[in-house]
Amino acid sequence: MSIKSHNVQLSHTQSEKIFTEQTKFPYAKLCDLDLLNKTVIIRVDFNCPLDISNGVTHFVDTKRIDDHLNTTIIPLFDAPKPPQNIVLLAHQGRYGKKDCITLRSHFEHCRSVLKNRHIKTFYAWEEYDDE
C-alpha cells in the first residue's frame, strides 16, 4: 500500500469551511460578542519591513498593518455591539536592533486608513533604561 502526499494550498475561506464541516462546532468571532461599553485589548504583530537608509526610516510595505485593520479592527468598529475602546499593543523590531523604532508612523498609517473612525490617542514607550 502506498500513500501519496500532495501539497495543496487552500484559501482562508476554503480552510475555514473544511474546518467547520469537520468539527461541526460553531465558533465565535470577536464581532459576534456583546462588547458594548467594554475595552478590547489586542496584541498585534505590526513588524513591517523597513528601509533604513540615510538615517531615514520608511515602510517598504504596510501589508501587515492593513491586514490587521481589515480583518480585526474594522469589523470590530462595524460590529452590531462594538466596544467602547480598542487598544492595540505592538512593537517594531527588537531592542538594540536597527529596526526597533517608535510606532508613531504605524499609528499615522492606521489613522489614515481608519479616517472615519475616532482614534483617541497614541501612547508609545520610547525610552529605554538598561540599568
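**Reading salt bridges and a hairpin**

The side chains of D45 and R64 meet in a salt bridge, 3.5 Å from N to O. This pair links distant parts of the chain: D45 sits in the loop between strand 1 and strand 2, and R64 in helix 2 (residues 63–77), 19 residues apart. The model is predicted.

Q: How many salt bridges are there by this rule?
A: Side chains of opposite charge can pair when their charged atoms come close. Here the count comes to three.

Q: Where do K63 and D67 lie?
A: Both lie in helix 2, four residues apart, about one turn of the helix. Their side chains meet in a salt bridge at 2.6 Å, N to O.

Q: Which residue forms a salt bridge with E108?
A: R104 does, with the closest N and O atoms 3.6 Å apart. E108 and R104 both lie in helix 3 (residues 104–113), again four residues apart.

Q: Why does R64 count as partly exposed?
A: Partly exposed lies between the cut-offs of 20% and 50% relative accessible area. R64 is at 40%, so R64 falls in that class. Its partner D45 is partly exposed too, at 31%.

Q: Is I41 buried or exposed?
A: Exposed means over 50%. I41 is exposed because its relative accessibility is 57%. I41 belongs to strand 1 (residues 39–43). With V87 and L89, I41 makes a nonpolar surface patch of about 250 Å².

Q: How many bridges join strand 2 to strand 3?
A: Four bridges join strand 2 (residues 50–53) to strand 3 (residues 56–59), and the two run antiparallel. S53 has V56 as its bridge partner. The strands form a hairpin with two residues between them. In the turn, N54 has a positive phi of about 55°.

Definitions and conventions:
Residues are numbered from 1 along each chain as its sequence is written. This is a predicted model: local features need pLDDT of at least 70, side-chain atom pairs count only at pLDDT 80 or more; totals for chains, interfaces and linings use all residues. Side-chain values use heavy atoms; hydrogens and water are left out. Patches are made of residues with over 30% relative accessible area and no salt bridge: like charges are joined within 9 Å, nonpolar side chains (Val, Leu, Ile, Met, Phe, Trp, Tyr) within 5 Å. Accessible areas come from the Shrake-Rupley method with a 1.4 Å probe; for residues, only the protein chains shown count as cover. A salt bridge is a side-chain nitrogen of Lys or Arg within 4 Å of a carboxyl oxygen of Asp or Glu. Buried means under 20% relative accessible area, exposed over 50%, partly exposed in between (1.4 Å probe, protein chains only). Two strands pair if DSSP finds at least two bridges between them.
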